[in-house]
Amino acid sequence: MKFPAFLFSLFLSRLADQILLFLVPLVVFQVTQDVAWSGYAFAAETLPRFLSFPVCGALCDRVSPLKLLRGSQILRALVCVLGVLANEAIGGIGWLVGLSAVCGVLTTQGVMAREVMLPQIATQHGFDKVLAYAQTAEQTGTVLGPLVAAALFALWPWQAVVGAAAGFFLLADAATSYWRRGNPVRLHEPQGAPGHFLQPIVTAVGHVLRLPGLLRLTMLTSGVNLMLGTTLASAAAMVTGLHQRSATYYAWLQTLGAVATIAILLAIIRGSIPLRRMGVTAYALILAGGLLTAASTSHWGYAAGFLLVVGFDKMFSIYIRIHRQRIIPAHDYGKTTGVIVLLNNLTQPLAGLIVGAFADAARTRGVIFSVCLLVAAIGVAAATKSGKSRSAGPSPPPGSP
């Protein structure tokens, strides 16, 4: 099985996507010299990604996810080329923002297609191993994307860098094609469901509310994302303001966070951690990291807390995705996962708004501590509900580890 080719395609796709994410706000700022326009461009670039998860997830239950994955990669390359050509012919920085926004929706479609395919690919491997490998490839692309973009942008105009991103998308599709030719696993072909296109979203919301344990998992993930979002949104103010460190220190801290994440994922690949222990350990250490960032008076303590939150987020993600895959019916996996991802990520922009309302670094410590208390309360409530569910019947609910 040519699984490394699948991972390579994931890495290349993420690398190209991160190049666009890095490029848009930077180029818009250089052209307009206005921070506000750079922020608006970032919002226009990322909001479509966020809102399209339920629709893209529902589409994966109606169309072959492999076709959707390959289509998303080819179309992203085409959109990059057309955007550059339109800029050359007509001019205006809006073409860069527009092509990135369209690529963002196509990226979401590719992410959801892979999410539906991974449980089927994992038939010859442990699902936790497959997820850890996939997230390692994705995280590596996330780390290298801005570095590659910055290096290329120092040599070439932004149009050429976008062209390079198009090349990476095409290479990702070539790797996907190579993997599929040598892949013995038979992928399930989805069967289109009758009814209005919004009906799958209604079905997915019903699953979240009724399937045993699924709402609890969604609440736990929302709590973790709130902690992560608060940490990331406040990190610049905490590091450069309260702890009086340099921007270079802040950049190295972010890099160490990515390295810590990869190290933890590699540990999951090499070891065999029971699912429940994985979830409890990750949640507890993320909460401990949040408390450290709020309480520490030393930049060393803050750095340790930051690394705990960022590093163990992906371990918790693996726990949630394995658990979720055991609960959700296979024929509804795409639509339900799309809705859940949307619900889970609502807390990240909420975290940004909360931090923005308390911009002073000293007061931000109190905000982080309050978020920690909320995350702890969610964890206790979820554990209590899980305990009651296990004692209510002779057998555990679907998906229990």
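The exercises below work through helices, buried residues and ring contacts in one protein chain.

The model is predicted, so that local features need pLDDT of at least 70 and side-chain atom pairs count only at pLDDT 80 or more, while totals for chains, interfaces and linings use all residues. Residues are numbered from 1 along each chain as its sequence is written, and side-chain values use heavy atoms, with hydrogens and water left out.

**Exercise 1. The chain as a whole**

Task: State how many helices and strands the protein chain has, and what percentage of its residues count as buried.

Solution: The secondary structure of the protein chain comes to 15 helices and 0 strands, where helices (H or I, at least four residues) and strands (E, at least two) are DSSP runs numbered from the N terminus. Of its 401 residues, 51% count as buried; buried means under 20% relative accessible area, exposed over 50%, and partly exposed in between, with a 1.4 Å probe and protein chains only. Among contacts (heavy atoms within 4.5 Å) between residues at least 6 apart in sequence, 85% join residues at least 24 apart.

**Exercise 2. The span of H4 and the setting of Ser72**

Task: Compare the expected span of H4 with the distance between its end C-alpha atoms, and then describe what Ser72 touches.

Solution: The expected span of a helix is 1.5 Å times one less than its number of residues. For the 26 residues of H4 this gives 38 Å, and the end C-alpha atoms are 36 Å apart, which agrees. The residue that follows H4 is Gly91, with a positive phi near 90 degrees. Ser72 belongs to this helix, which covers residues 65–90, and Ser72 is buried, at a relative accessible area of 2%. A polar atom of the Ser72 side chain lies 2.8 Å from the backbone oxygen of Leu69; beyond neighbours within four places in sequence, Ser72 is in contact with Leu106 and Gly110.

**Exercise 3. A bent helix and the residue after it**

Task: Check the span of H9, locate its bend, and decide whether Gln244 is buried or exposed.

Solution: H9 runs over residues 214–242, and its 29 residues should span 42 Å, which agrees with the 39 Å between its end C-alpha atoms. The helix bends by about 50 degrees at Ser234, the bend being the angle between axes fitted to the seven residues ending there and the seven starting there. Gln244 lies in the loop between H9 and helix H10 (247–270). Although Gln244 is not a glycine, its phi is positive, at about 55 degrees. Most residues other than glycine have a negative phi. With 60% relative accessibility, Gln244 counts as exposed.

**Exercise 4. Thr221 and its distant partners**

Task: Place Thr221 in the structure and list its contacts beyond four places in sequence.

Solution: Thr221 is located in helix H9 and counts as buried at 11% relative accessibility. Its side chain reaches the backbone oxygen of Leu217 at 2.8 Å. Leaving out residues up to four places away in sequence, Thr221 touches Phe316, Ile320 and Asn344. Thr221 and Ser317 are 96 residues apart in sequence, yet their C-alpha atoms are 8.0 Å apart in space.

**Exercise 5. Aromatic pairs**

Task: Classify the pair formed by Tyr283 and Phe316, and say which helices hold the two residues.

Solution: Rings of Phe, Tyr and Trp (its six-membered ring) pair if their centres lie within 6.5 Å, and planes under 30 degrees apart count as stacked, over 60 as edge-to-face and the rest as tilted. The structure holds 5 aromatic pairs. In the pair of Tyr283 and Phe316 the ring centres are 5.7 Å apart and the planes stand at 50 degrees, so the pair is tilted. Because Tyr283 lies in helix H11 (residues 275–295) and Phe316 in helix H12 (residues 299–327), the pair ties together parts that are 33 residues apart in sequence. Both Tyr283 and Phe316 are buried, and ring pairs link Tyr283, Phe316 and Tyr319 into a cluster.

**Exercise 6. Asp17 in H1**

Task: Decide whether Asp17 is buried or exposed, and name the residues that it touches.

Solution: Asp17 is found in helix H1, residues 3–32, and is buried, with a relative accessible area of 1%. Not counting residues up to four places away in sequence, Asp17 touches Arg49, Thr107 and Phe169.

Definitions and conventions
A polar contact is a pair of N or O atoms within 3.5 Å; within protein, one must be able to donate a hydrogen and the other to accept it, and residues adjacent in sequence count only if both atoms are side-chain atoms.
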